[in-house]
Amino acid sequence: MNNVAKNIKRLRKSTGLSQDALGEKLCVTRQAVSNWETGRTQPDIDMLMQVAAAFNVSINEVVYGSKPNTSLPYLRNYKAFLIVMGIIVIALAVIHLLLEKQRLLNPMPIKFDATIIIPLLSMSLTALLLGFVATVKNITLPKSLRVSFICISTAFLVWYFISALDYNRSILFLYTHRIKLFRGAYIEPLWPFSQTHRTLHALIFTLPGAVGFLGWNNVKQV
C-alpha cells in the first residue's frame, strides 16, 4: 500500500493542490492528508473512492498508479488558460487584419490598431507562450514577487489604456470635425508612445504580458 501514499502525493502535485485544499475537498484535516502521503495511515476503500473522484481519475490509478506524462507534466493546470488565451489571440489577430485593410481609407482604424489592438495582441501572445512553457516547467514565483508584479502590471495597463482611449477619442473628434493643418495633416494630441512605431509597441507590451502572467500564475510544485 506504499504506492497509495506516493500516488496521492503525485496526483495532488499534478493538480496544483495543497494538502489543506485537498483536505477541504475530502472533508478531512491537512494532517490526515499528510499521514496518507507519508504512509503513516491509509485511507479506507470509501475514502479511496472519494480521492479518485477529487482527482477525476479511476480508483486503480490511486491504488496502482499510472505512467506519468513526462512531456507535459503541468498541462492539466493550464489547459483552460491556453484555450482561452488562444481564442483571445485569434480574435485580436482577426481584428488587426480587418483594421489593416482600412489603412488608406481612414486614419482612425490604424491608430486604434496601433494603440489598442497591437498592445493587447502582444500581451496575450506573450502570456500564451509563457503558458506553453509552464506546461513543461514550473515557473511560479514567490507570493511577494507575484503580488508586486500584479500591482506593477495592473497600474501600468490602467494608465496606458485610459490614456489610449482618451487619445483615440481626441483623434476621432478632430477627424470628424475635419480640423487640419496646412498640407491636409490632421492635428494630433500628444501621446506617450509613437503610434507610428507599431513594432515598438509590440515589443514594449511583451513586458506587461510576461509580468502579468508571472504575477497571476499561482500553480505550485508543492
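**Exercise 1. The aromatic residues of helix H8**

Is tryptophan 159 buried, partly exposed or exposed, and what is its relative accessibility? Then describe the aromatic pairs in which its neighbour phenylalanine 156 takes part.

*Solution.* The model is predicted.

Step 1. Tryptophan 159 has a relative accessibility of 41%. Buried requires under 20% and exposed over 50%, so tryptophan 159 counts as partly exposed.

Step 2. Phenylalanine 156 and tryptophan 159 both belong to helix H8, which covers residues 143-176. The two residues are 3 residues apart, about one turn of the helix. Phenylalanine 156 is also partly exposed, at a relative accessible area of 25%.

Step 3. Phenylalanine 156 forms a stacked aromatic pair with tyrosine 160, with 6.3 Å centre to centre and 25° between the planes. In helix H8 these partners are 4 residues apart and so are separated by about one helical turn. Tyrosine 160 has a relative accessible area of 0% and is therefore buried.

Step 4. The structure's count comes to 4 aromatic pairs. One of them joins phenylalanine 156 to tryptophan 159, at 5.9 Å centre to centre and 45° between the planes. Planes under 30 degrees apart count as stacked and those over 60 as edge-to-face; the pair of phenylalanine 156 and tryptophan 159 is tilted.

Step 5. Phe156, Trp159, Tyr160 and Phe161 form one aromatic cluster.

**Exercise 2. The salt bridge**

Determine how many salt bridges the structure holds, and state which parts of the chain are tied together.

*Solution.*

Step 1. The structure holds 1 salt bridge.

Step 2. The partners are the side chains of arginine 12 and glutamate 37, with an N to O distance of 2.5 Å. The cut-off for a salt bridge is 4 Å, and the distance of 2.5 Å is listed for this pair as a salt bridge.

Step 3. Arginine 12 lies in helix H1 (residues 2-14) and glutamate 37 in helix H3 (residues 30-38), so the pair ties together parts that are 25 residues apart in sequence.

Step 4. Both arginine 12 and glutamate 37 are buried.

**Exercise 3. Two buried serines**

Compile the location, burial and contacts of serine 34 and of serine 122.

*Solution.*

Step 1. Serine 34 is placed in helix H3. Its relative accessibility is 12%, so serine 34 counts as buried.

Step 2. With neighbours within four places in sequence left aside, serine 34 is in contact with Gln19 and Arg40.

Step 3. Serine 122 is located in helix H7, residues 107-134. At a relative accessibility of 9%, serine 122 likewise counts as buried.

Step 4. Residues up to four places away in sequence are not counted; serine 122 then touches Ala202, Phe205 and Thr206. The C-alpha atoms of serine 122 and phenylalanine 205 are 5.8 Å apart in space, although the two residues are 83 residues apart in sequence.

Step 5. For threonine 206, the side chain of serine 122 reaches the backbone nitrogen at 3.5 Å.

**Exercise 4. A covered helix and a surface patch**

Establish how many residues of helix H10 are buried, and identify which residues make the nonpolar surface patch of about 290 Å².

*Solution.*

Step 1. Helix H10 spans residues 206-216, and 8 of its 11 residues are buried, so that the helix is mostly covered.

Step 2. The buried residues of H10 are Pro208, Gly209, Ala210 and Val211, together with Gly212, Phe213, Leu214 and Gly215.

Step 3. The nonpolar surface patch is made by Ile90, Val94 and Leu98. Valine 94 lies in helix H6, residues 75-100.

Step 4. Valine 94 has a relative accessibility of 43% and therefore counts as partly exposed. Membership of a patch requires over 30% relative accessible area.

**Exercise 5. The chain as a whole**

Give the secondary-structure content of the protein chain, its buried share, its long-range contacts and its exposed area.

*Solution.*

Step 1. The protein chain has 10 helices and 0 strands. Along the sequence, the pattern reads α-α-α-α-α-α-α-α-α-α.

Step 2. The chain comprises 222 residues, of which 39% count as buried.

Step 3. Among contacts with a separation of 6 or more, 71% are between residues 24 or more positions apart.

Step 4. The exposed area of the chain is about 13100 Å², and carbon and sulfur atoms supply 66% of it.

Technical notes. Residues numbered from 1 in each chain as written. Predicted model: local features only at pLDDT ≥ 70, side-chain atom pairs only at ≥ 80, totals over all residues. Heavy atoms only, no water. Buried < 20%, exposed > 50% of the residue type's maximum accessible area, 1.4 Å probe, protein only. Patch = residues over 30% accessible without salt bridge, like charges linked within 9 Å, V, L, I, M, F, W, Y side chains within 5 Å. Areas by Shrake-Rupley, 256 points an atom, 1.4 Å probe, with all protein chains shown as cover. Phe/Tyr/Trp six-rings, centres within 6.5 Å; stacked < 30°, edge-to-face > 60°. Contact = heavy atoms within 4.5 Å. Polar contact = N/O pair within 3.5 Å; in protein donor to acceptor, adjacent residues only side chain to side chain.
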